[in-house]
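User: I am new to this structure and would like to go through it step by step. Please keep the answers plain.

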Amino acid sequence: MKRFAPLIIFAALALLLAAGLTLNPREIPSVLIGKPAPQFKLDRLDAAGQFSPASLKGQAWLLNVWASWCSACIQEHPVLNSIATEHKVTLVGLAYKDLDSDAKQWLQSRGNPYNVVVADRDGRVGIDYGVYGVPETFVIDKNGHIAYKHIGAITPDIFKNILLPELQKARL
């Protein structure tokens with residue numbers, strides 16, 4: 001039996017590795033789903049004053065975490081511009097760990113799809129939301145709870161097949 005121990009251990013490790021390779025690395029479960037969205041009050045980049053999610057209570061909306069230094073955000077941005085013009089979606093942009101001047105210039109050159117843009121300069125709000133990296137998008141329901149979290153860039157298919165249905169459920 002001792003002769004087969006290394007073989008048994010190797011087989012067990014091979015099975016664990018094979019199972020791990022079938023998992024989708026973009027599917028990172030969030031413990032915040034169904035829980036109240038973390039509240040914050042941040043400076044607006046698009047206007048004077050501050051913004052708090054409490055002002056959107058009673059409506060479903062999207063929180064898109066992005067940064068001017070993010071290459072995937074460049075791919076996602078035309079989709080966000082399209083969403084802003086084609087759908088009645090409240091879209092809040094959270095400029096994550098970015099310089100205000102860089103974020104403003106980035107939006108000026110690529111278009112601003114957001115209803116509100118806020119500056120999370122030190123990343124604390126991102127940490128509260130469990131952000132792993134940018135871009136990430138959250139569906140916030142009309143009661144102020146996180147209904148869904150998408151990690152990675154939004155494509156037209158992802159918006160149509162995942163985010164839009166989640167947003168419609170969040171409005172109920």
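The questions and answers below go from the whole chain to single residues.

User: What kind of model is this, and how many helices and strands does the protein chain have?

Analyst: This is a predicted model. From the N terminus on, its elements follow the order α-β-β-β-α-β-α-β-α-β-β-α. Counted by type, the protein chain has five helices and seven strands.

User: Is the protein chain a compact globule or more spread out than one?

Analyst: For 172 residues the globule rule gives 16 Å, and the radius of gyration of the protein chain is 20 Å. The C-alpha atoms fill a box of roughly 75 × 35 × 30 Å along the principal axes. The radius is well over the value from the rule, so the chain is more spread out than a compact globule.

User: What percentage of the contacts between residues at least 6 apart in sequence join residues at least 24 apart?

Analyst: A contact here means heavy atoms within 4.5 Å. One pair with a sequence separation of 24 residues is V92 and V116, whose C-alpha atoms lie 5.0 Å apart. Among the contacts between residues at least 6 apart, the share that joins residues at least 24 apart is 73%.

User: What share of the residues is buried, and what share of the exposed area comes from carbon and sulfur atoms?

Analyst: Of the 172 residues in the protein chain, buried ones make up 43%. The chain exposes about 9800 Å². Carbon and sulfur atoms supply part of that area, namely 60%.

User: How far apart are the mean positions of the positive and negative charges?

Analyst: The protein chain carries 18 positive and 15 negative charges. Taking the mean position of each set, the distance between the two is 7 Å.

User: Which residue forms a salt bridge with E136, and is the pair buried or exposed?

Analyst: E136 belongs to strand β6 (residues 136–140), and its partner belongs to strand β7 (residues 146–151), so the pair ties together parts that are 13 residues apart in sequence. The side chains meet at 3.4 Å, N to O. Both residues are buried. The partner of E136 is K149.

User: Which residue does R44 meet in a salt bridge, and how accessible are the two?

Analyst: The salt bridge of R44 has an N to O distance of 3.2 Å. R44 is partly exposed, at 25% relative accessible area. Its partner is partly exposed as well, at 32% relative accessibility. That partner is D46.

User: Which residue pairs with D122 in a salt bridge, and is that partner buried or exposed?

Analyst: D122 is partly exposed, with a relative accessible area of 44%. The closest N and O atoms of its salt bridge are 3.4 Å apart. The partner has a relative accessible area of 59%, over the 50% cut-off, so it counts as exposed. The partner is R124.

User: How many salt bridges are found in the whole structure, and which residues are linked in a network?

Analyst: A search of the whole structure gives six salt bridges. The residues linked in a network of them are D43, D100 and R121.

User: Where is V118, and which residue lies 24 residues away in sequence but 5.1 Å away in space?

Analyst: V118 sits in strand β5 (residues 116–120). At a relative accessible area of 0%, V118 is buried. Apart from neighbours within four places in sequence, its contacts include F40, L42, F51 and A95. The residue 5.1 Å away, C-alpha to C-alpha, is L94.

User: Is V92 buried or exposed, and in which strand does it lie?

Analyst: Leaving aside neighbours within four places in sequence, V92 is in contact with residues including F51, W61, Y114 and V116. Its relative accessibility is 0%, so V92 counts as buried. Its strand, residues 91–96, is β4.

User: Which residues does a cis peptide bond join?

Analyst: The omega angle of this bond is about -5 degrees. One of its residues, P135, is in the loop between α4 (124–128) and β6. The bond joins V134 and P135.

User: What is the phi of K97?

Analyst: K97 is in the loop between β4 and α3 (100–110). K97 is partly exposed, at 44% relative accessibility. Its phi is positive in a residue other than glycine, with a value near 50 degrees.

User: How far apart in space are K2 and D46?

Analyst: K2 lies in the segment before α1 (5–21). K2 is exposed, with a relative accessible area of 78%. In sequence K2 and D46 are 44 residues apart, and their C-alpha to C-alpha distance is 69 Å.

Definitions and conventions. Residues numbered from 1 in each chain as written. Predicted model: local features only at pLDDT ≥ 70, side-chain atom pairs only at ≥ 80, totals over all residues. Heavy atoms only, no water. Helix = DSSP H or I, 4+ residues; strand = E, 2+ residues; numbered from the N terminus. Rg over C-alpha atoms; globule rule 2.2 N^0.38 Å. Buried < 20%, exposed > 50% of the residue type's maximum accessible area, 1.4 Å probe, protein only. Areas by Shrake-Rupley, 256 points an atom, 1.4 Å probe, with all protein chains shown as cover. Lys, Arg positive; Asp, Glu negative; His and termini not counted. Charge placed at Lys NZ, Arg CZ, Asp CG, Glu CD. Salt bridge = Lys/Arg side-chain N within 4 Å of Asp/Glu carboxyl O.
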